[in-house]
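Open the model in your viewer and keep the selection panel at hand. The stops below go from one selection to the next.

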Amino acid sequence: MEAKTIVVGAGSSGAVIAARATEDAGREVLLVEAGPDYPSGDLPPDLVDGTRNSMRRHDWGHLHRARPGRRMLFWFPRGRVVGGSSAVNTCIALRGQPADYDEWASRGLRDWGWDACLPAFKRLENDLDVRSAWHSQDGPVPIRRHPASELVRWQALFLDACKALGFPRADDSNDPTATGWGPHAMNKVGGERMSVARCYLTAPVRARANLRIQPLTIVRRVLFEGRRVRGLEVETQGRVSVIVSRRVVLCAGATATPGILLRSGIGPRRSVERVGADPVMELPAVGARLLDHPGVAIFLRPRRSLHQTMRDPLIQTVLRYTSSKASSCPNDMILQPGSVLPLPFMTLPLVSLMCSVGKPRGFGTIEFTSPDPRVRPQIESRLLVDDQDRHRAVEAMRLAADLAETAPMRGEATFFWPPGRAVASETKMRTWIGRICDSGYHPCGTVPMGADDARDTDAATDGRGRVRGVEGLWVADASLMPTIPSANTNLTTIMMGERFGEWMKTGQM
Ligand SMILES: Cc1cc2nc3c(=O)[nH]c(=O)nc-3n(C[C@H](O)[C@H](O)[C@H](O)COP(=O)(O)OP(=O)(O)OC[C@H]3O[C@@H](n4cnc5c(N)ncnc54)[C@H](O)[C@@H]3O)c2cc1C
C-alpha cells in the first residue's frame, strides 16, 4: 500500500488534522488507528455516554505507579478507538490560560503564544451559550454549560459553598479574564459525548476521496532510508505489512508516540537499544519527561436528602482559583465536586471534592522495554514528589474541607475518607494526599517541541513538530507540549490539531 501522508492515531489531534488537511482536495491522507472505528453512528453506549468516562472497553490498559514506593495501579486510561481519548473522556472543555501559551512563546516557540492560538480555539468550537470576543459559533465541537436547572444537588451546593467562602462567580470558565465558580464548559450535548470522531469525522468528511481511515492497525515503527522516511511497518489483526510513504505525522498520544519513535531508532541511545532498534537519530528528549496533573480528593458520605443516584453526571461545576504558591499563571488550580462515584474498590455511594494541581513543577518518566507495541510502557508518574506541588495539593484539600463545612454543604454529607480528624491536621493531610493522589489523565510533554536554538536535551522537534535530524517525520499531538497547560488537555490538543491541519492544508507542512 502507498499513501502521500500518513497520520498515525485518530485521537484529539490526529482526527482533526486529517479532517482539516483534506478540506483541500489536493491533500491526500491515510489515517491509521489501532482501535476500532464506528463510522455509521452505531456507537457503543460507553462512547455515547458523556456523563462519565469510559474506562475499560476502549482502553490500552496501561499501569502506572503514581508515587515512588506505591504499587502499580491500573488507572491510566487512554482511548483506543477512532476518536482516541476524546472518545472516552469526561468532556470538560477548558482552554487553559493565556499565560500557558505565552510561556511556550517565551521559550522561543513564536507560533504558540496565546494570540496565535486563540483563533484556533475559536475555530474548533460552536459555543452554544456565550457570544463574546472569546468565542465562536462556527466550529465543529459544540460546547455548553449545565444551566442551574440541570445541576444535581451536590453540584448546586458546591456553587453555593464557593459563594459562601467569598469566591467570585464566573459564568464562562473559558473567559481568560474570569476566575471563580460556575458551570463547567463541556463538549457534551444531551448527555452525549462530542468526541473528535463525532464532530470532525462526519459522514461528508469520510466521503472525501482524499481521506482513507484504516482502523484496527497498530503501527510498529517508522521505516527509514538513511534519515529519510520511507514508510511504516504496521500490523493489522496479526498480519504485518509495510505502507510506503514519504510523510508521516505521529499523533498516537503522549504514551505511544515516544514508543513509536524509539522502536524506529529515534531517541536516547540507551532507550533505543532497550527496544532492540537500530539507531537512526539520537534525541535525548524523546520520552525523557512525562508531564501530568496530579489529582487529589476527599470523599464524603452523602445524606439521603442529597438524592444522589449512580446515573448522576459525574462533573458539572468547577472552582478555578490561584494557589498561594502559584507560578506566573493565575487560575492554576481546579477544584470540582464529583457526584456519586462508582469506585472499583468500594460499594458505598460516596461524593467527592477533587482537585487538580494545574502547573506542577514535578514530572514523571515513561520507559519502553520491548519492540512489541502491545507491551505496556513502564510509567512512573512521580506525582507530588516536588515540595511546592505537594504544598498546593494540601492547600487545595484544606479548601475542599472548608467548602464541605460551609452552611450549604455541612448538613448534606459527612467526611468519610479521610475521616474528619485527618482533614484537620496538616501532617495527616500530607500523608493522605501521598496515599490518594493519582493521575489527572492528562499525560503530555513526552516528545517536546522547542525553538531552533533549544538544547538537544530540551526538545525533540522544532516549533512545527518536525522531528530533529530526520526528513519526512512530524509529531503533532499532546506529546509536543513543552510545559503542561493549567487546565485539562483535550481542547489544547484539538487546538494543536487545528493548527497542524491548517498548515498541512495550506502546504506549510
Ligand atoms: C479517561 C480520560 C478522561 C479525560 N478527561 C478529559 C476532560 O474531561 N477534558 C480534557 O480536556 N481532557 C481530558 N482527558 C485528556 C484528553 O482526552 C487528552 O489529553 C487528549 O485526548 C490527548 O489527545 P492525543 O491526540 O494526544 O491522544 P489520543 O486522543 O489518546 O489519541 C491517540 C490515538 O492514537 C492511537 N494509537 C496509539 N498508539 C498507536 C499505534 N501504535 N498505532 C496506531 N494507533 C495508535 C490510540 O488508539 C488513540 O486513538 C481525559 C483523558 C482520559 C483518558
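**Stop 1: the ligand.** This is a predicted model. Select the ligand and its shell: 43 residues surround the ligand. Gly9, Gly11, Gly84, Gly253 and Asn490 are the closest. Two elements give two or more residues to this shell, strand 9 (217–225) and helix 14 (490–505). Helix 14 supplies the largest share, three residues. Now color the shell by residue class. You get 20 nonpolar, 19 polar and four charged residues.

**Stop 2: the parallel sheet.** Select strands 8, 2, 1, 12 and 23. In that order, these five strands form an open sheet with parallel pairing. Strand 8 (211–214) and strand 23 (473–475) are the edges, each pairing on one side only. From one strand to the next, the twist averages 20 degrees. Zoom in on strand 1 (residues 5–8) and strand 2 (residues 29–32). Four bridges join this parallel pair. For a landmark, pick Thr5: Val29 of strand 2 stands opposite.

**Stop 3: the antiparallel sheet.** Return to strand 9, already met at the ligand. Strand 9 belongs to an open sheet of three strands, ordered 9-10-11, and the pairing here is antiparallel. The edge strands are strand 9 and strand 11 (239–244), and each pairs on one side only. The twist averages 25 degrees from one strand to the next. Eight bridges tie strand 9 to strand 10 (residues 228–236). Label Arg221 and Glu233 of strand 10 to see two residues standing opposite each other.

**Stop 4: helix 5 and the loop after it.** Select residues 153–164. Helix 5 has twelve residues and reaches 16 Å from first C-alpha to last, close to the 16 Å expected at 1.5 Å a residue. Show the side chains of its buried residues: Trp154, Gln155, Leu157, Phe158, Leu159, Ala161 and Cys162. Gly166 follows the helix, with a positive phi near 90 degrees.

Move along to Ala178, in the loop between helix 5 and strand 5 (180–183). Is Ala178 buried or partly exposed? Ala178 is partly exposed, because 16 other C-beta atoms lie within 10 Å, while a buried residue needs 20 or more. Leaving out residues up to four places away in sequence, Ala178 touches Ala170, Asp172 and Ser173. Draw a distance to Val88 as well: C-alpha to C-alpha, Val88 and Ala178 are 28 Å apart, with their positions 90 residues apart in sequence.

**Stop 5: strand 16.** Select residues 317–321. Five of the five residues are buried, so strand 16 is largely enclosed by the rest of the structure. Side chains in a regular strand alternate between the two faces of the sheet. Check both faces of strand 16. Thr317, Leu319 and Tyr321 lie on one side, Val318 and Arg320 on the other, and all are buried.

Then add the neighbors. Strand 5 pairs with strand 16 in the antiparallel sense over four bridges. Pro183 has Thr317 of strand 16 as its bridge partner. Strand 17 (residues 333–341) also pairs with strand 16 in the antiparallel sense, over three bridges. There, Tyr321 has Met333 of strand 17 as its bridge partner.

**Stop 6: helix 10.** Finish with residues 387–404. Helix 10 has 18 residues and reaches 26 Å from its first C-alpha to its last, close to the 26 Å expected at 1.5 Å a residue. Highlight its buried residues, among them Asp389, Arg390, Arg392, Met397 and Leu403.

Key. Residues are numbered from 1 along each chain as its sequence is written. This is a predicted model: local features need pLDDT of at least 70, side-chain atom pairs count only at pLDDT 80 or more; totals for chains, interfaces and linings use all residues. A residue is near a molecule or strand if its C-beta atom, placed from the backbone, lies within 6 Å of it. Ala, Val, Leu, Ile, Met, Phe, Trp, Tyr, Cys and Pro count as nonpolar, Asp, Glu, Lys and Arg as charged, and the others, Gly among them, as polar. Two strands pair if DSSP finds at least two bridges between them. Axes are lines fitted to C-alpha atoms, for helices over the stretch in contact, and angles run from 0 to 180 degrees between N-to-C directions. The expected span of a helix is 1.5 Å times one less than its number of residues. A residue is buried if 20 or more other C-beta atoms lie within 10 Å of its own, exposed if 12 or fewer, and partly exposed in between; C-beta atoms are placed from the backbone. Two residues are in contact if their C-beta atoms, placed from the backbone, lie within 7 Å.
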